[in-house]
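Got your viewer open and a cursor ready? Let's take a walk through this one, a stop at a time.

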Amino acid sequence: MKTLIIGANGQIGKKIVSECIDLGLDIRVMIRDESQMSYFTRLGVDAVVGDLEGDISHAFNGCEQVVFSAGSGSKSCPKKTLLVDLWGSIRAVEESERQGVKHFIMVSSLKSCDPLRGPQIIRHYLVARNRADDSLIHSTLNYTLLRPGRLLDTPATGMLTSDFDWDDIKNAHSTVSRDDVVSTILAAIITPHSSNRVLDFIQGDVKVADFMNTFSREEATV
Ligand SMILES: NC(=O)c1ccc[n+]([C@@H]2O[C@H](COP(=O)([O-])OP(=O)(O)OC[C@H]3O[C@@H](n4cnc5c(N)ncnc54)[C@H](OP(=O)(O)O)[C@@H]3O)[C@@H](O)[C@H]2O)c1
């Protein structure tokens with residue numbers, strides 16, 4: 001099963017690519033700029049240029065699974081949040097439906113289910129993610145919707161949780177290592193679940209493999 005990785009040149013994206021290569025998985029990466037191509041061709045990876053603000057249909061051809069780990073970034077203007085995080089995500093979901101993708105893995109964000117719980121400065125981003133998440137949930141695709149807390153460059157702990165009190169959770173404490181997020185993505189790539197899943201998570205005390213077999217409380221309400 002060929003997996004398209006959108007946002008492959010990002011911090012999480014590059015880690016996924018490296019893990020997939022180590023595991024011998026069949027992948028294609030979508031990158032935004034021709035100048036990023038040599039990094040991936042050196043790794044022997046099938047790479048295509050595609051901008052989420054433009055045509056992306058060519059990237060999906062022959063792919064049965066999609067990982068979406070792209071994002072406009074916290075330093076970009078709100079206009080980019082609309083065009084990339086919202087509209088780019090929705091267009092990737094719609095293109096996947098058109099091209100018969102079997103499983104869509106979306107990297108979204110904790111608190112996208114309730115943007116007003118998030119810090120003021122990123123609420124517009126959480127609103128964009130909320131609507132984009134909804135488009136996936138209401139699509140015809142089989143999906144894994146990952147909603148990690150604030151991403152850190154700390155080493156993997158291998159331990160996560162979705163068992164937290166939404167009223168207590170503060171942004172400073174709701175963090176997770178990027179490496180652990182990569183482990184959840186890999187688990188979803190390797191063992192696509194037969195049911196759709198929404199996983200809200202932060203660093204915790206449950207092994208990633210066990211965690212990936214659980215459902216978040218949101219899933220029950222979707
Ligand atoms: N930061 C957090 O605390 C946090 C928390 C929860 C969830 N998230 C989500 O997790 C995602 C992945 O995290 P990360 O650390 O890997 O982010 P990242 O390093 O910023 O990577 C984002 C990737 O998206 C690509 N991208 C941006 N605009 C694009 C466009 N128009 N077309 C195609 N690709 C485009 C970027 O391309 P370039 O390489 O060309 O710039 C980059 O490779 C974030 O985007 C965010 O939505 C973040």
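Where is Asn196 found? Select Asn196 and you'll land in the loop between H6 and strand S10 (197–203). Keep in mind as you click around that this is a predicted model. Is Asn196 buried, exposed or partly exposed? Asn196 has 26% relative accessibility, so it counts as partly exposed, since that label covers everything between 20% and 50%. Now add Gly50 to your selection. Asn196 and Gly50 are 146 residues apart along the chain, and their C-alpha atoms are separated by 27 Å.

**Stop two: H1 and H6**

Next, colour helix H1 (residues 11–22) and helix H6 (residues 178–190). Their axes are 10 Å apart, and the helices pack at an angle of about 50 degrees. An angle like that falls outside the ranges for roughly parallel (under 35 degrees) and roughly perpendicular (65 to 115), and H1 and H6 are therefore oblique to each other. The crossing of these two helices, H1 and H6, is right-handed.

Want to see who touches whom? Show side chains for Gln11, Ile12, Lys15, Ile16, Glu19 and Cys20 on the H1 side. Across from them, in H6, pick Arg178, Asp179, Val181, Val182, Ile185, Leu186 and Ile189. Sorted by type, the residues of this contact between H1 and H6 come out as eight nonpolar, one polar and four charged.

**Stop three: Leu146**

Jump over to strand S6 (residues 142–148), where you'll find Leu146. With a relative accessible area of 0%, Leu146 is buried, because anything under 20% gets that label. What is Leu146 in contact with, once neighbours within four places in sequence are left aside? The list has Ile105, Met106, Val107, Ser108, Ser109, Thr184, Ile185, Leu199, Phe201 and Met212. Try a distance too: Leu146 and Ala188 are 42 residues apart in sequence, and 9.7 Å apart in space from C-alpha to C-alpha.

**Stop four: Leu160**

Now select Leu160, which sits in strand S8 (residues 159–161). Leu160 counts as buried, at 0% relative accessibility. Not counting residues up to four places away in sequence, Leu160 touches Val176, Asp180, Thr184, Phe201, Ile202, Gln203, Gly204, Asp205, Val206, Val208 and Phe211. For a longer hop, draw a line from Leu160 to Lys14: they are 146 residues apart in sequence and 21 Å apart in space, C-alpha to C-alpha.

**Stop five: H4 and H5**

Here's another pair of helices to colour: H4 (residues 78–98) and H5 (residues 123–137). Their axes are 9 Å apart, and the packing angle is about 10 degrees. That makes H4 roughly parallel to H5. On H4, the contact is made by Pro78, Thr81, Asp85, Leu86, Ser89, Ile90 and Val93. Their partners on H5 are His124, Tyr125, Ala128, Arg129, Arg131, Ala132, Ser135 and Leu136. This H4 and H5 contact divides into eight nonpolar, four polar and three charged residues.

**Last stop: the cysteines**

Finish by selecting cysteines. How many disulfides are there? Zero, going by the rule that the two sulfur atoms must be within 2.5 Å. Take Cys63: it is in no disulfide, and the nearest cysteine sulfur, that of Cys20, is 12 Å away. Cys63 is buried, with a relative accessible area of 2%, whereas Cys77 counts as partly exposed, at 37% relative accessibility.

Notes: Residues are numbered from 1 along each chain as its sequence is written. This is a predicted model: local features need pLDDT of at least 70, side-chain atom pairs count only at pLDDT 80 or more; totals for chains, interfaces and linings use all residues. Side-chain values use heavy atoms; hydrogens and water are left out. Buried means under 20% relative accessible area, exposed over 50%, partly exposed in between (1.4 Å probe, protein chains only). Axes are lines fitted to C-alpha atoms, for helices over the stretch in contact, and angles run from 0 to 180 degrees between N-to-C directions. Helices (H or I, at least four residues) and strands (E, at least two) are DSSP runs, numbered from the N terminus. Angles under 35 degrees count as roughly parallel, over 145 as roughly antiparallel, 65 to 115 as roughly perpendicular and the rest as oblique. A crossing is left-handed if the near helix is turned anticlockwise from the far one by less than a right angle, and right-handed if clockwise. Contact means heavy atoms within 4.5 Å. Ala, Val, Leu, Ile, Met, Phe, Trp, Tyr, Cys and Pro count as nonpolar, Asp, Glu, Lys and Arg as charged, and the others, Gly among them, as polar.
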